[in-house]
Amino acid sequence: MVNDRQSLDLTIFAHAKGGAEVEWRIAAEPVPYPDSVTEMEARAAAIADGRAAELIWLLEHPPLYTSGTSGKQADLLDPRFPLFTTGRGGQVTYHGPGQRVAYVMLDLKRRRPDVRAYVAGLEEWIIRTLDAFNVRGERREDRVGVWVRRPDKGAGYEDKIAAIGVRLRRWVSFHGIAINVEPNLSHFSAIVPCGVVDPRYGVTSLVDLGLPVTMEDVDVALRRAFEDVFGATGVRLPEATV
C-alpha cells in the first residue's frame with residue numbers, strides 16, 4: 001500500500017508567518033487530565049486571538065484512559081482507571097507515568113491549514129525523535145500513530161510506540177502525541193488500544209525494546225526533532241504554569 005502521508009512536503013510547517021519562537025514547557029509533576037484540557041483550551045483560544053505564543057507542553061498524567069470522537073464503549077475492557085471522554089480525534093487510549101505526553105498548540109492558519117499534513121508532521125516529529133535512539137518508527141496509512149516492526153514476535157508483527165490525537169479550533173491545534181518511554185504496558189491490556197484488534201499489533205515502549213532511556217533523554221530528542229520539523233523553540237520562565 002502506498003502511504004500518502006509519506007510523500008507530503010512538511011518543510012512549510014517550519015516557516016510560520018511572523019517567525020516567533022514556540023514556547024517550550026515541561027511540567028514538573030503529573031497533571032490531572034481535566035486540568036490539562038482546561039489549560040489547553042484557554043491557551044488555544046489565546047493563540048487564536050493573538051494574545052499568546054504557540055506552545056509545546058510536555059507532561060505526564062496519572063493512570064487514566066481517554067476516549068476520542070471515534071471511541072466505543074466496548075473498547076474499554078476493564079475500567080481499572082478513570083475514563084475521560086475527550087474531543088480529540090481517535091479512539092480509546094491509555095496515559096500514565098512513564099509516558100511522555102506532548103500537547104501541541106500551534107496556529108495552523110499561519111503555518112499550513114491542512115489537517116492531513118499536520119498529522120504527518122506530528123508523525124515525522126516522533127519518527128525523528130525515535131531515530132535519536134536508533135529505533136525505526138514507521139507510519140501506517142490505515143493506522144494513525146507510529147509503529148515499530150517486531151520480527152522477534154513473528155512475521156508481520158508490529159507494536160505501537162506512539163499515539164496521536166488532535167483537535168483543531170479556529171485552526172489552532174491542541175491535544176497532540178504520546179510516546180511510550182517506560183509505562184506499565186499491562187495497563188494497555190484493559191482497552192482495545194485505538195480500536196486495533198489484530199493480534200499481530202501490540203504496544204511497546206523504548207525500555208521494552210531494551211533501551212535504557214530516561215524521560216530527560218527523550219525530552220532532549222523531542223526538542224531537537226521538533227525544531228527540525230516545526231521551527232525554533234524558546235523557554236519562558238517560570239515553567240510551573242501554562
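Two strands count as paired here if DSSP finds at least two bridges between them. Keep that in mind while we walk through this predicted model, since much of the tour follows strands and their partners. A good place to start is W147, which stands opposite K160 in β9. That pair belongs to a longer stretch of ladder: β8 and strand β9, residues 158-169, pair in the antiparallel sense over four bridges.

Before going further with β8, here's the overall picture. The protein has four helices and twelve strands. Of its 242 residues, 51% count as buried. Look at contacts between residues at least 6 apart in sequence, and 71% of them join residues at least 24 apart.

Now back to β8, which covers residues 143-149. This strand is mostly covered, with five of its seven residues buried. Besides β9, it has a partner in strand β7, residues 138-140: two bridges join β7 to β8, and the two run antiparallel. β7 and β8 form a hairpin, with two residues between them. If you want to find the pairing on screen, look for R140, which stands opposite R143 in β8.

R143 deserves a second look. Is this arginine of β8 buried or exposed? It counts as buried, because its relative accessibility is 9% and the cut-off for buried is under 20%. You can also check where R143 sits relative to β9's K160: the two are 17 residues apart in sequence, and their C-alpha atoms are 9.6 Å apart in space.

Just ahead of the hairpin comes V135, in the loop between α3 and β7. V135 is buried as well, with a relative accessible area of 9%. Which residues does V135 touch, once its neighbours within four places in sequence are left aside? They are L130, V148, L206, L209 and L211. For V148, there's a distance to go with the contact: V135 and V148 are 13 residues apart in sequence and 7.7 Å apart from C-alpha to C-alpha.

From V135, step back to the helix that precedes its loop. Two packed helices are described by the angle between their axes and the distance between the axes. Helix α3, residues 115-131, packs against helix α4, residues 215-230, at an angle of about 135°, with the axes 8 Å apart. That angle makes α3 oblique to α4, because it falls short of the over-145 range that counts as roughly antiparallel. The crossing of the two helices is right-handed. On the α3 side, the contact is made by Y118, G121, L122, E124, W125, R128 and T129. From α4 come V218, A221, L222, A225, F226, D228, V229 and F230. Sorted by class, this contact has ten nonpolar, two polar and three charged residues.

Leading into α4 is the loop that follows β11, residues 201-203, and this loop holds S205. S205 is buried, at a relative accessible area of 3%. Not counting residues up to four places away in sequence, S205 touches I161, N180, V181, E182, P183 and L185.

Next, a word on backbone angles. Most residues other than glycine have a negative phi, and most peptide bonds are trans. Two residues here are worth clicking on with that in mind. R170 has a positive phi of about 55° although it is not a glycine. R170 is found in the loop between β9 and β10, the latter being residues 172-180. H175 also has a positive phi without being a glycine, with a value near 60°. H175 lies in strand β10 and is buried, with a relative accessible area of 3%.

The last stop is a separate piece of the fold to look at, earlier in the chain. An open sheet of three strands runs in the order β4-β3-β5, with mixed pairing. Which strands sit at the edges, each pairing on one side only? They are β4, residues 83-85, and β5, residues 92-95. From one strand to the next, the twist averages 30°. Within this sheet, three bridges join strand β3, residues 64-67, to β4, and these two run parallel. To locate that pairing, look for Y65, whose bridge partner in β4 is L83.

Technical notes: Residues numbered from 1 in each chain as written. Predicted model: local features only at pLDDT ≥ 70, side-chain atom pairs only at ≥ 80, totals over all residues. Heavy atoms only, no water. Buried < 20%, exposed > 50% of the residue type's maximum accessible area, 1.4 Å probe, protein only. Axes fitted to C-alpha atoms, helices over the stretch in contact; angles between N-to-C directions. Parallel < 35°, antiparallel > 145°, perpendicular 65-115°, else oblique. Left-handed = near helix turned anticlockwise from the far one by under 90°. Contact = heavy atoms within 4.5 Å. Nonpolar A, V, L, I, M, F, W, Y, C, P; charged D, E, K, R; others polar.
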